[in-house]
Every structure is written in C-alpha cells, then in structure tokens.
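Hi everyone, thanks for making time. I'd like to walk you through a structure that's new to most of you, so settle in and have a look.

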2 protein chains.
Amino acid sequence: MVFGEKLKSVRKARGWSQEELAEKLFVSRQSVSKWENGQNYPSIEVIIKLSDLFEVTIDELLRTDEELKEKVIKDSKQLAHPKLKFLFDVVFLLGVSLLIIKLGFLGLNKFTNVDSSLPGGKFLWNFGPLLFMVGGGIGSGIVKERYKVE
Amino acid sequence: MVFGEKLKSVRKARGWSQEELAEKLFVSRQSVSKWENGQNYPSIEVIIKLSDLFEVTIDELLRTDEELKEKVIKDSKQLAHPKLKFLFDVVFLLGVSLLIIKLGFLGLNKFTNVDSSLPGGKFLWNFGPLLFMVGGGIGSGIVKERYKVE
DNA sequence: ATAGATGCGCAACTCCTAGTTGCATAGTGA
DNA sequence: TCACTATGCAACTAGGAGTTGCGCATCTAT
C-alpha cells in the first residue's frame with residue numbers, strides 16, 4: 001500500500017470527507033484528492049500534521065507495507081526479549097526456592113537428629129534445584145545475548 | 001533541533017562530506033547544502049532514502065526534539081513496566097519461599113514432637129512471608145494496571 | 001421525477017520552490 | 001604560495017504542488 005491509499009484509509013477510518021480533512025490542513029479539497037490518487041505529494045509540514053491528526057508515525061504513512069514489515073519483525077524480536085527472559089528468570093528463581101527449602105531440611109536433620117524426609121523422590125530434591133537454576137540461568141543468558149541491541 | 005541540523009549531525013557522524021552524500025542520493029552537492037541550512041526541504045523519496053542510509057526513523061529526521069521527547073517518554077513508561085513488575089514478582093516469590101520454609105518447620109514440629117526453632121525472631125517468620133507476598137502481589141498488580149496499554 | 005446536497009475526480013493554469021550551474025570563501029597540507 | 005577540499009551564496013530554471021472551475025455520480029426530500 002502506498003501513501004495515497006494509506007491516507008485514504010486512515011481518513012475513512014475517521015469518517016472524514018476529503019473536504020473536512022482539507023479544512024483541518026488549510027488546503028483545498030482537490031489537493032487532498034490528488035494526494036490520495038497519487039498525483040501529488042503533500043508538503044513536509046502537511047505530512048507532519050497528518051501524522052499528528054491520525055496518530056500514526058510518519059514512517060507508517062510514507063513507507064510501503066513491505067518496508068514496514070521488516071521493521072515490525074525487528075521490533076517484535078526486541079519485544080520478545082523481556083518476556084522470554086522473564087520466563088527463564090522465573091525458572092531460575094524456582095530453582096533457588098527449591099534449593100533453599102532443601103537446605104533448610106538438610107540443616108534441620110543435621111541439627112535435630114530427626115530424620116524427616118521431603119515429599120517426592122530423592123532425585124528430585126537433589127538435582128531439581130540445580131537443573132532449574134542452570135536451565136533458567138543459561139536460557140536467560142542466551143536470550144539476553146541473542147536479542148542484544150547492536 | 002530542526003531537520004537541517006539533524007541531517008548535518010548524522011552526516012558528520014558518518015564522516016561524509018556533503019558531496020559524498022549528494023552522490024549517494026543522485027543530487028547536486030548544493031542541494032545538500034541547502035537542506036542543511038534550512039533553505040530547502042528534500043523530496044519525499046530523498047527523505048526516505050536518508051532514513052535508510054542513516055538508519056534513523058523518518059520521524060526522528062522530521063520531528064523536533066520536543067515532539068520526539070514526548071514519544072520517548074511514552075515509550076519508556078511502557079518499557080519500565082516489565083522491569084518493575086519483575087521486581088515485585090521476585091518479592092512475591094520470596095514470600096512464597098519463606099512461607100514454604102515456615103510451613104515445613106511447622107509440620108515438622110507437629111509430627112515429630114521436636115521443638116526446633118528457626119533463626120530470627122518469631123515475628124519475622126509469622127508475618128514476613130505474608131508481608132512479602134501481599135506487598136509483591138499488590139505492587140505487581142498496580143504496575144500491571146498502571147502501564148496497561150490503552 | 002427533479003432539485004438540492006454531498007463527495008469525489010479531471011483538466012487547465014499559476015506560481016512557488018527544490019534543484020541546478022557558476023562563483024566565492026575558508027581552512028589545510030605540501 | 002599553491003593546490004585541494006569542504007562549504008556557502010546568488011541567479012536561474014523547471015517541475016510539480018496547489019488552486020479554480022467544471023463535471024459526474026449517489027442520496028435524500030419534496
């Protein structure tokens with residue numbers, strides 16, 4: 001989609017006629033018509049006004065959809081970063097929590113000579129915390145590195 | 001800072017002369033000079049090319065610093081959200097961990113008739129976990145609500 | 001049916017301004 | 001001092017953005 005079509009679609013989205021838009025921009029109705037039909041380009045000042053009026057970036061107005069798509073893909077990669085990293089961080093913290101619990105019981109058994117055991121297998125409590133922490137830590141690091149801002 | 005100054009600064013940042021830039025854009029050297037001195041505006045096509053060449057958005061090129069600042073503030077608010085929420089979530093998880101430890105001890109004392117006590121005051125272990133969880137939960141909720149995308 | 005209103009596109013014309021050519025100036029290294 | 005580079009100023013041209021005027025649909029009410 002090129003500039004003219006975009007302009008038309010955002011104008012229609014507001015339910016404005018070409019004339020209404022023309023008045024807001026202090027130009028003739030026919031100028032708007034020409035912009036939309038690709039016969040003319042508006043001046044820089046008008047383009048900025050359009051961007052403000054319709055609350056879209058100037059890039060969205062001027063660039064083709066293909067060009068924009070590239071940028072969107074880039075941005076979404078950046079945006080994916082915090083969420084994914086957060087997930088890994090939670091996994092890591094889960095591991096820390098499990099470790100604390102395990103250590104608590106370990107110390108308890110040692111100091112009180114009472115052989116109380118945790119629910120779940122021995123394997124889970126021996127390696128679970130470690131696996132969580134290592135997995136979460138590595139994942140978080142990879143995500144952080146991968147989507148680093150160049 | 002207006003368009004001309006911005007153009008000049010990004011050009012200088014690349015270490016290009018006006019002539020070098022002019023060649024890349026297939027215009028005369030003097031055109032570049034006029035753009036930078038605010039005597040002219042380049043055409044839309046050239047503006048898009050400039051945006052590509054210098055890897056800045058068209059908005060950054062055309063809008064004043066004040067206008068851009070507004071947008072940056074908006075964006076930074078959005079970006080602050082995940083970090084702050086993460087902090088509150090960590091506090092919440094800390095509370096959960098403490099609670100689990102406390103419950104573990106509680107059960108242990110009950111079932112084994114051994115009066116083992118946790119290090120630290122009674123108050124800490126009675127209300128600490130609760131406070132952490134409530135504080136973290138409320139904080140996380142507020143942040144989530146406050147920076148919700150409209 | 002018709003007259004008026006609304007919304008939009010085409011054609012011709014005007015005029016502004018972006019871009020060009022040519023010249024001048026300032027700084028820099030040999 | 002003499003090239004050489006980088007940039008600005010002045011005059012001119014041309015292309016295109018914007019305007020006026022006209023025509024053509026589509027609706028709606030009388």
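**A helix and what comes after it**

Let's start at a small spot: α2(B) is followed by B:F26, and the phi of B:F26 is positive, near 60°. Keep in mind as we go that this is a predicted model.

Now step back into the helix itself. α2 of chain B covers residues 18-25. Which of its residues are buried? They're B:Q18, B:L21, B:A22 and B:L25. If you look down the axis of α2(B), those buried residues fall within an arc of 105°, so they line one face of the helix. And what covers them? The cover includes three other helices of chain B, namely α1 (3-14), α3 and α4 (44-53).

**Chain A as a whole**

Okay, over to chain A. How many helices and strands does chain A have? Seven helices and zero strands, so to speak an α-α-α-α-α-α-α run from the N terminus on. Chain A has 150 residues, and 31% of them are buried. On the outside, chain A exposes about 9,600 Å², with carbon and sulfur atoms supplying 61% of that area.

One more number for chain A, about contacts with a separation of 6 or more: 62% of those are between residues 24 or more positions apart.

**Where the DNA comes in**

Last part: DNA strand C. There are 22 residues around this strand, and the ones that come nearest are A:Q18, B:S28, B:S31, B:W35 and B:N40. Of the atoms of DNA strand C that come within 4 Å of the protein, sugar and phosphate account for 54%.

Which helices supply at least two residues each of the surface near DNA strand C? From chain A we have α1 (3-14) and α3 (29-36), and from chain B there's α3 (29-36). As for the kinds of residue on that surface, I get four nonpolar, twelve polar and six charged.

Let's zoom in on some phosphate oxygens of DNA strand C. A:Q18, one of the nearest residues, has a polar side-chain atom 2.6 Å from a phosphate oxygen. B:W35 is also on that nearest list, and a polar side-chain atom of B:W35 lies 2.7 Å from a phosphate oxygen. Then there's A:R11, where the distance from a polar side-chain atom to a phosphate oxygen is 3.3 Å.

That's my tour, and I'm happy to go back to any part of it.

Conventions:
Residues are numbered from 1 along each chain as its sequence is written. Chains are lettered from A and ligands numbered from 1 in the order in which they are written. This is a predicted model: local features need pLDDT of at least 70, side-chain atom pairs count only at pLDDT 80 or more; totals for chains, interfaces and linings use all residues. Side-chain values use heavy atoms; hydrogens and water are left out. Helices (H or I, at least four residues) and strands (E, at least two) are DSSP runs, numbered from the N terminus. Buried means under 20% relative accessible area, exposed over 50%, partly exposed in between (1.4 Å probe, protein chains only). Contact means heavy atoms within 4.5 Å. Accessible areas come from the Shrake-Rupley method with a 1.4 Å probe; for residues, only the protein chains shown count as cover. A residue is near a molecule or strand if one of its heavy atoms lies within 4 Å of it. A polar contact is a pair of N or O atoms within 3.5 Å; within protein, one must be able to donate a hydrogen and the other to accept it, and residues adjacent in sequence count only if both atoms are side-chain atoms. Ala, Val, Leu, Ile, Met, Phe, Trp, Tyr, Cys and Pro count as nonpolar, Asp, Glu, Lys and Arg as charged, and the others, Gly among them, as polar. The arc is that of the directions from the helix axis to the C-beta atoms.
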